[in-house]
Amino acid sequence: MKKFLLASISNIVMIVLPLLGKPSLILHYKIILIIVGSICMWLTQPPVTVKETTDKKSSDKSSVILILFMSFISVVAPVIDWAYFKTEQNSFSVITLIGICFIVIGISFRAWAVNRLGKFFTATVQIKEDHNLITSGPYSIVRHPSYSGAFMAIVAGGIVLESVIGFVISVIAMSIAYYVRIGIEEKELIACFGNDYIQYKKRTKMIIPYVW
């Protein structure tokens, strides 16, 4: 219930409110696709809470807030560009289809990563007492597959809406968010696992296989 509530609030703030000037577009099939994708993302991960954000501030350094803020920008920018600066909202092309594939693949990959990490997956950066270093499944492909999946799904909004400026803004915003978050997270992981994590880091890319 808490996850669904968070999903509902986020969609109202990031999608419904920006479209109040064009209410007829709120039920547009492209917007529905993005909303469904957003709900699926929220439902496949542990809910973020104010208490956890406050309690883990020393290890997380408010990176979860940065991610939420950058996600807000990444969703709102293409929606506004599409709704208010494009004359044709109904076009369906190969680009739209690519965007839909990005959403499906991104959410699926993220869900796989969250499931593989199990109880060790948290919204904030934290190391549990019995924490294990997971390097199998999606973690054998990249070190932070949950971020890879979320990145794909979030920037897909700009692709589905065929908003070039929205896509560019979302790529920049989420790159900054995850670069900062991963830097904070990996300091904690190295402190916990030492050379094991350093060796894992050397042989496995961060969020894009063979690239970054």
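**View 1. Tyrosine 147 and its stacked partner.** In this predicted model, tyrosine 147 counts as buried, since its relative accessibility is just 8%. Tyrosine 178 is buried too, with a relative accessible area of 3%. Look at the two rings: the centres of tyrosine 147 and tyrosine 178 sit 4.8 Å apart and the planes meet at 20°, so this pair is stacked. Tyrosine 147 belongs to helix H7 and tyrosine 178 to helix H8, so the pair ties together parts of the chain that are 31 residues apart in sequence.

**View 2. The largest nonpolar core.** Here you're looking at a set of 20 residues, the largest nonpolar core. Met174, Tyr178 and Ile182 have the most contacts inside this core. Which elements give two or more residues to it? They are helix H5 (63-85), helix H6 (94-117), helix H7 (145-160) and helix H8 (164-193). H7 supplies the largest share, with eight residues.

**View 3. Around isoleucine 182, and a second core.** Zoom in on isoleucine 182, one of the residues with the most contacts inside the largest core. Once its neighbours within four places in sequence are set aside, isoleucine 182 is in contact with His144, Tyr147, Met206 and Ile207. Apart from the largest core lies another one, made of 14 residues, including Ile26, Val76, Trp82 and Ala83.

**View 4. A tilted pair of rings.** The count of aromatic pairs comes to four. One of them joins tyrosine 29 and phenylalanine 92: the ring centres are 6.5 Å apart and the planes lie at 40°, so the pair is tilted. This pair links distant parts of the chain, 63 residues apart. Tyrosine 29 sits in helix H2 (residues 29-43), while phenylalanine 92 is in the loop between H5 and H6. Is tyrosine 29 buried, partly exposed or exposed? With 33% relative accessibility, tyrosine 29 counts as partly exposed.

**View 5. Two cysteines without a bond.** A disulfide is a covalent bond between the sulfur atoms of two cysteines. Search the whole structure and you'll find zero of them. Why is there no bond from cysteine 40 to cysteine 101? The closest cysteine sulfur to that of cysteine 40 is the one in cysteine 101, and at 15 Å it's too far for a bond; the cut-off for a disulfide is 2.5 Å. Seen from the other end, cysteine 101 has its closest cysteine sulfur in cysteine 40. Cysteine 40 counts as partly exposed, at 32% relative accessibility, and cysteine 101 also counts as partly exposed, at 36%.

Definitions and conventions: Residues numbered from 1 in each chain as written. Predicted model: local features only at pLDDT ≥ 70, side-chain atom pairs only at ≥ 80, totals over all residues. Heavy atoms only, no water. Core = buried A, V, L, I, M, F, W, Y, C linked by side-chain atoms within 4.5 Å. Buried < 20%, exposed > 50% of the residue type's maximum accessible area, 1.4 Å probe, protein only. Helix = DSSP H or I, 4+ residues; strand = E, 2+ residues; numbered from the N terminus. Contact = heavy atoms within 4.5 Å. Phe/Tyr/Trp six-rings, centres within 6.5 Å; stacked < 30°, edge-to-face > 60°.
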